[in-house]
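Colleague: I am new to this structure and would like to go through it by question and answer. Please show it to me before we begin.

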Amino acid sequence: MTTSLSSLQSWIDTIAAQTLPDNIHWCNGSEEEYNLLIEKMNNSGDLQELNKENYPDCYLHRSDPSDVARVEHLTFICTKNKDDAGPNNNWMAPTEAHQKIDRLFDGAMKGRTMYVIPYCMGPIDSPYARCGIEITDSAYVVVNMKLMTRMGSLALQRIESEGNFVKGLHSTGELDPEKRFIMHFPDELTIKSIGSGYGGNALLGKKCHALRIASWQARKEGWLAEHMLIVGVESPQGDTHYIACAFPSACGKTNLAMLIPPNSQPGWKIWTLGDDIAWLHLDEHGQMCAINPEAGYFGVVPGTNAKTNKNAFDMIKNKTIFTNVGLTENNEPWWEDKDIGKPTIDWKGKPFDAANSPAAHPNSRFTVSASNNPAYSKLAEAPEGVPISAIVFGGRRKTLAPLVYEAKNWEHGVLVGAGVASETTAAATGEVGVVRRDPMAMKPFCGYNFADYWDHWLSFSKRSSNLPKIFHVNWFRQNEAGKFLWPGFGENLRVLRWIIDRCENRVPAYTTAIGNLPNAKDIDISDLDISSEVLEELLSVKNNEWLDEINSIGEYFKSYGDRLPDALNQEFIKLKAGLT
Ligand code: GTP
Ligand code: SPV
Ligand code: MN
């Protein structure tokens, strides 16, 4: 297969002449193609077939041990002006960046196959969907893209009729951290990534396209590309509210999107629309609507079990690719807190020794099609998306942030989002557990200056008078012994219910300096092993602690200088005044 689109054909020809692959494979996205590539990788050792009886069509991939997470320090936004990338991004001038990375691509695909992957982010017939082509020399990337996106002939047809697409060039190169770069050229709608085979660095449709490039396009075109799950919450009466939540990496998006209501909440149902990325638009009535640009999940494996997330646990029992998990003696995948079986082999393929390393890497992942999810919403395929009632920000905070609070209005909500901080996790290389500012959970993913991004967020209140309400949650408060105060997982439904009650004006709230909090009686804790003191603690706001927080936000905002939107600064001044 080649293409009728000459700009696409000439780009492919140029890249082939530069990278010198042995052959070129245009991906059509068929099941036969998927199966052939899986077989090829199983033969070459890139994949290992898992226990056929209990894990049919499941495979283990072990990545290079130095290549197990996103690499934020090697990720660049290459705009003409440095200030357009902002202090939130690493920047390199486009000419220099091209030169630097092109040298690494010269001859990089010698002896390899170059795969051309046409993909569509979003339902194929959605006006909000956007397409791209990823060129890669990794068959692992191809099969992951097949599970994660609408990939193949239909996407190519759409690209040919639209005439434009995001260009993504990827090679695993030498897997040498010294020769690894993930570069974005928003003006050229181009991504170049070399030296890593890991998810967010290599599956270019995901963070590189659907967040970094898309956030840039979204600003120009008046929409939002966000690191958010989308979940439908259906009440026993049968009405459904859709909620979009931005939590940083490994802070609970997949789990909340697939939540199983506990027995104490009869009649409630949860529908998954998306678990990682949402594209938000205003419709002609000013209603904010969301589509999920993805079609599958690249989820954190450790911690998944029948108690925390039975949907996910069952979903990954067939046609799943596991990356960097351990193995049991009967060749089943194993990870920390799996609760069944024992590991004998660790993620590096060595005999398991608890003293040495966990069996599964803390950032080990599953890749699975959304069609495996028993709670997958039919509306996830709706071209117009679903109406959003609430936007929820959150972070992983041992202290300070209450279980839930509501912003006073849109502008205040933008400040709540801009002020998000969270402990770092294993999803990116670097130290884990350090609190850092992660506005809107987009620190690693916003393709332009955060100051301009906040301004873009603020602009929505001029365009609509019925925007979603904005909230903040924290599932991760701990006591002095390091135990989580809130049970989390399925029980988070109780907090979603309060959020919906607020959206429907069904319950009052009490006003504090930081926003509106639930009265304790309005959070249902029936059947929970939680004392009223602990609930009080979870719902308390300590002004002196918040003053330290707000001062730290103020310091952070200073790095954006004059570009910080005045309306955000005004909200900040109001909040600070309320605390003193
Ligand atoms: P990315 O895919 O990296 O964007 O992560 P994510 O935000 O989808 O996070 P995920 O749902 O995979 O959860 C990450 C980790 O947090 C897992 O180890 C979960 O078990 C744990 N976790 C998720 N929800 C909760 C919760 O409500 N409470 C607690 N204590 N842990 C949770
Ligand atoms: C994240 O780190 O937020 C992920 C995994 O969802 S990755 O695809 O690597 O970005
Ligand atoms: Mn993510």
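**Fold, surface and cysteines**

Colleague: How many helices and strands does the secondary structure of the chain come to?

Modeller: This is a predicted model. The secondary structure of its chain comes to 16 helices and 31 strands.

Colleague: What radius of gyration does the chain have, set against the globule rule?

Modeller: For 580 residues the globule rule gives 25 Å, and the chain is close to that, so it is as compact as a globular protein of that length. Its C-alpha trace spans about 65 × 55 × 45 Å along the principal axes. The radius of gyration is 23 Å.

Colleague: What percentage of the residues in the chain is buried?

Modeller: A residue counts as buried when its relative accessible area is under 20%. Of the 580 residues in the chain, the buried ones make up 61%.

Colleague: What share of the accessible surface of the chain belongs to carbon and sulfur atoms?

Modeller: The accessible surface comes to about 22,000 Å². The share that belongs to carbon and sulfur atoms is 49%.

Colleague: How many disulfides does the count come to?

Modeller: A disulfide needs two cysteine sulfur atoms within 2.5 Å. By this rule, the count is 0 disulfides. For C208, which is in no disulfide, the nearest cysteine sulfur is that of C78, 12 Å away. C503 is likewise in no disulfide, and its nearest cysteine sulfur, 11 Å away, is that of C245, so the total stays at 0 disulfides.

Colleague: Is C208 buried or exposed?

Modeller: The relative accessible area of C208 is 0%. The limit for a buried residue is under 20%, so C208 is buried.

How values were computed: Residues numbered from 1 in each chain as written. Chains lettered and ligands numbered in written order. Predicted model: local features only at pLDDT ≥ 70, side-chain atom pairs only at ≥ 80, totals over all residues. Heavy atoms only, no water. Buried < 20%, exposed > 50% of the residue type's maximum accessible area, 1.4 Å probe, protein only. Helix = DSSP H or I, 4+ residues; strand = E, 2+ residues; numbered from the N terminus. Rg over C-alpha atoms; globule rule 2.2 N^0.38 Å. Areas by Shrake-Rupley, 256 points an atom, 1.4 Å probe, with all protein chains shown as cover.
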